[in-house]
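Student: I am new to this structure and should be grateful for a close look at a single part of it. Please explain the terms along the way.

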Amino acid sequence: MINEERLLLEFKTLLSIESPSKREGEIAYYLADLFEALGYPCFFDKSGEHTGSEVGNLIVKIPGKKEVPPLLLCAHLDTVGPCEGIEVIEEEDLLRSNGKTILGADDKAGIAVLVELAKALKENSFSHAPLEIVFTTCEEIGLLGAKNLDFKHINAKWALVLDSENPEEVVNAAPSSYQFSVKVFGKSAHAGIEPEKGINAIKILAQIVSSLPTGRIDYETTMNIGKINGGVYVNVVPDFAFIEGEMRSHSEEKLNSLKSEVEDKVREIIENHPHKIDTLPSYKINFTTVFKAFHIEEEDPLARMIREAGYLAGLEVKFKKKEGGSDANVFNAQGIKTLILGTGMQKVHTTEEFIRKKDLFNCARLVSTAVKLYSERAKEFF
Ligand SMILES: [Zn+2]
């Protein structure tokens, strides 16, 4: 069903269209024209107003059997940098960048597979389930497109996100991530004339930093303090200093206890500070959710269906955890059960990025086989 030559050609065309985050307009309109020409209705949601992208997420509806829920398929439109003037080097078995830019297989390999699927469905008109194809913007800068996706257009209960490396390794779990900031307020004073009238916020913050755990906390939990700032002049006792950090874990419980630990340590250090002036020193802690964890059991019907699709496509599918976030975290949090499939992209987010043609073709076979299986069985699943 998959036409490898046509897939490869489309993939190279997509790689030639620059699409850094927020500047996904050109590639999005190219795809919208392409899907319209195939006769599939598509439209943009209004997420651009919130993400800052030139366009919203592109949503394509491929009609199918009416009685089963649609299957959601997703890839992201944006790439990281450097992505100006990408030159694709084609070798016999792989495509790579020339070493000065990324290649952009992350995630254009996923987009190319979905385009090939749509073309193949047009040619092989078997009675398939309806499909909802979503091309998100701004994935690389915090999953912004997916977070602002207008879910009232989405009716799917299951989804496949094409945004991982090896087609034989399907991602069924990813962590939660929180970012946090700790601000310490002291009191300024002239450092040479009357230092005793000041409270040094940097000194207090240093104490906080050295008391907090960082690095690998346990096998499924990490924490990092990644930014520090404070003070203005060298001759002034600084009245303000802050840090920013993040924590990730596959266990929500562990993250909650880590959050409490941060709060307790900061409160303790501030409260026990020997020198107090009025209400100072004081502090402010802020936590924000970046993405929420998910874990789909290997015996879940969606996971079993993918393993079987792999078998039929000649692939030995195994499941693995991912340590980063992706659009799949957002869909799972919305109640749409989602797995992440590998497209073959390797060394992503580096100028050594490459993709083996064989892996790209295997991904396309896996996805089209999964659509067939879903179409045959969706009635049993829901
Ligand atoms: Zn990606």
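Student: In which sense do strand 3 and strand 7 (residues 158–164) pair, parallel or antiparallel, and over how many bridges?

Tutor: Strand 3 and strand 7 pair in the parallel sense, over 4 bridges. Strands here are DSSP runs of E with at least two residues, helices are runs of H or I with at least four, and both are numbered from the N terminus; two strands pair if DSSP finds at least two bridges between them. This is a predicted model, in which local features need pLDDT of at least 70 and side-chain atom pairs count only at pLDDT 80 or more, whereas totals for chains, interfaces and linings use all residues. Residues are numbered from 1 along each chain as its sequence is written.

Within strand 7, L160 is the bridge partner of L73. Strand 3 also pairs with strand 6 (residues 131–136), again parallel, through 6 bridges. In that pairing, H76 is placed opposite T136.

Strand 3 itself covers residues 71–76, and 6 of its 6 residues are buried, a term for residues with 20 or more other C-beta atoms within 10 Å of their own (exposed means 12 or fewer, partly exposed in between, with C-beta atoms placed from the backbone). In a regular strand the side chains alternate between the two faces of the sheet. In strand 3, L71, L73 and A75 point one way, while L72, C74 and H76 point the other way, and all are buried.

The neighbouring strand 6 contains F135. F135 counts as buried because it has 30 C-beta neighbours inside 10 Å. Setting aside neighbours within four places in sequence, F135 is in contact with A28, L31, N57, L58, A75, L77 and I111, where contact requires C-beta atoms, placed from the backbone, to lie within 7 Å. One of these partners, A75, is in strand 3. The C-alpha atoms of F135 and E26 are 13 Å from each other, although 109 residues separate the two along the chain.

Another partner of F135, I111, falls within helix 4 (residues 105–123). Helix 4 is mostly covered, with 14 of its 19 residues buried. From its first C-alpha to its last, helix 4 reaches 26 Å, close to the expected 27 Å (1.5 Å times one less than its number of residues).

How does this part sit in the whole? The protein chain has 10 helices and 18 strands, and buried residues form 44% of its 382 residues. Its C-alpha trace spans about 85 × 45 × 35 Å along the principal axes. Of the contacts with a separation of 6 or more, 77% are between residues 24 or more positions apart.

The domain assignment, which is automatic or taken from a database, gives domain 1 (4–174 + 293–381) and domain 2 (176–290). Strand 3 at residues 71–76 therefore falls within the bounds of domain 1. The centres of the two domains, taken over C-alpha atoms, are 40 Å apart, and 7 residues of domain 1 contact 6 residues of domain 2.

Conventions:
Contact = placed C-beta atoms within 7 Å.
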